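Take a walk through this structure, one region at a time. Keep the sequence and the 3D view side by side as you read.

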Amino acid sequence: MRNFTILSIAIAILSCQRSAETGGAEKSIDSLRYEQEVHLKNVRQLTWGGNNAEAYWSFDGKSLVFQSDFSDWGVECDQIFTLEVNNPKKGERPNMISTGLGRTTCSYFLPGDSLIVYGSTHLADSLCPPTPGRSSGKYVWPIYEGYDIFVADLQGNIVNQLTSEEGYDAEATVSPLGDRIIFTSTRSGDLELYIMNLDGSDVVQITSELGYDGGAFFSPDGSKIVWRASRPETDEEVAEYKDLLSQGLVQPTKMELYIANVDGSDAKKITSLGNANWAPFFTPDGKKILFSSNHGSERGFPFNLFMINVDGSELEQVTFDDTFDSFPMFSPDGKYLVWASNRFNGGNRDTNLFVAEWVD
């Protein structure tokens with residue numbers, strides 16, 4: 001998962017430090033951004049409650065698909081929802097796409113916007129899988145073996161199952177060209193990236209180095225990919241990584257960003273910032289990467305959005321929240337940015353979705 005569980009830690013640590021402001025439609029538009037956020041304009045809030053994240057645009061730019069664990073919507077762990085960007089309805093549950101069984105992650109529209117691809121554990125168990133605690137005092141993410149990738153229509157009917165291998169299959173995203181899906185799988189014994197056709201055929205492994213390769217996205221022209229990766233190097237790091245993976249866990253606190261051709265060739269590391277650098281997405285011109293990072297923090301937080309050239313030069317901070325900003329995605333026309341944030345949540349533990357006009 002690209003991954004949502006990190007939010008709960010961020011919120012728990014810092015939510016009590018926030019001011020008692022209230023989010024939502026009552027706030028004026030520019031009060032939802034910080035003065036230093038010069039790339040953002042006319043910020044609007046799209047959700048009000050729970051943990052909402054990984055919101056990704058439809059091909060026509062009118063809708064979003066995202067995951068949420070908001071208990072007021074009758075769910076016990078992350079499920080998949082859609083909403084209209086220009087018509088968010090505060091107090092109403094959006095359209096739920098997933099089955100309501102198991103746990104879901106990483107949804108994405110398919111071309112035509114009538115189908116959604118997402119990861120789910122519902123075939124392995126109808127109940128929400130347990131959330132792991134810290135392993136030996138270290139923060140970890142679960143890699144549930146029950147995840148497979150499914151296709152559903154907008155009424156929530158599953159119309160296809162794209163993966164059926166043993167182990168973890170999730171983190172699917174779709175090329176802007178509408179021809180291929182990239183995803184992460186443990187079918188090789190490690191967390192690697194794979195490419196497949198929209199119907200699940202012609203699966204090709206495109207990474208092979210030891211470490212967590214995940215959260216991949218295509219460039220606007222579909223020719224390149226960007227993703228996050230951990231690369232254990234010392235004997236101790238390698239042993240720890242393999243031990244955690246055998247337990248269905250990974251430690252996401254040391255990740256850097258990589259770029260490669262769509263077939264995995266000519267892979268290049270573009271960050272060496274330290275800490276966790278993740279949730280990367282190409283800018284509309286394909287020349288830069290927007291991503292989330294806590295590289296400047298000694299305590300692990302805050303996470304903010306940063307931008308960097310595809311060659312790793314000219315790092316720029318984009319958001320200036322004191323808790324959490326992540327999961328950025330540009331609209332297909334490049335005019336808008338959607339992301340998840342803990343900003344202005346009134347001091348509670350909510351992570352909400354926001355959309356803004358993008359200013360170059």
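Strand E3, residues 63–68, pairs with strand E4, residues 79–84. The two run antiparallel and share six bridges. One bridge can be picked out by name: Leu 64 has Leu 83 in E4 as its partner. Keep in mind that this is a predicted model.

Now widen the view. E3 and E4 belong to an open sheet of four strands, in the order E2-E3-E4-E5. The pairing in this sheet is antiparallel. Strand E2 (52–57) and strand E5 (95–96) stand at its edges. Each has a single partner strand, so one side of each is left without a neighbour in the sheet. As background, strands of a sheet pair through backbone hydrogen bonds, either parallel or antiparallel.

Move along the chain to another open sheet. Four strands form it, in the order E15-E16-E18-E19, with antiparallel pairing. Here the edges are strand E15 (213–218) and strand E19 (268–269). Each of these edge strands pairs with a single partner, so one of its sides has no neighbour in the sheet. Inside the order, E16 (residues 224–229) is joined to E18 (residues 256–261) by six bridges. Follow one of them: Arg 228 has Leu 257 in E18 as its bridge partner.

Next, a single residue. Ser 185 lies in strand E12, residues 180–185. Is Ser 185 buried or exposed? Its relative accessibility is 0%, so Ser 185 counts as buried, the cut-off being under 20%. What does its side chain reach? One polar contact goes to the side chain of Asp 169, at 2.7 Å. The Ser 185 side chain also reaches the backbone oxygen of Tyr 168, at 3.4 Å. Leaving aside residues up to four places away in sequence, Ser 185 touches Tyr 168, Asp 169, Asp 190, Leu 191, Glu 192 and Tyr 194.

Tyr 194 leads on to the rings. Arg 187 lies over the face of Tyr 194, 5.3 Å from the ring centre. A second arginine is placed over a ring as well: Arg 231 lies over the face of Tyr 258, at 5.2 Å from the ring centre.

Rings also pair with each other. How many aromatic pairs are there? The count comes to 24. Take Tyr 144 and Tyr 147: their ring centres are 6.0 Å apart and their planes stand at 50°, so the pair is tilted. Both tyrosines, Tyr 144 and Tyr 147, are buried. Elsewhere, ring pairs link Trp 141, Tyr 212, Trp 278, Phe 301, Phe 303, Phe 324 and Phe 327 into a cluster.

How values were computed: Residues numbered from 1 in each chain as written. Predicted model: local features only at pLDDT ≥ 70, side-chain atom pairs only at ≥ 80, totals over all residues. Heavy atoms only, no water. Pairing = 2+ DSSP bridges. Buried < 20%, exposed > 50% of the residue type's maximum accessible area, 1.4 Å probe, protein only. Polar contact = N/O pair within 3.5 Å; in protein donor to acceptor, adjacent residues only side chain to side chain. Contact = heavy atoms within 4.5 Å. Phe/Tyr/Trp six-rings, centres within 6.5 Å; stacked < 30°, edge-to-face > 60°. Lys NZ or Arg CZ within 6 Å of the ring centre and 35° of its normal.
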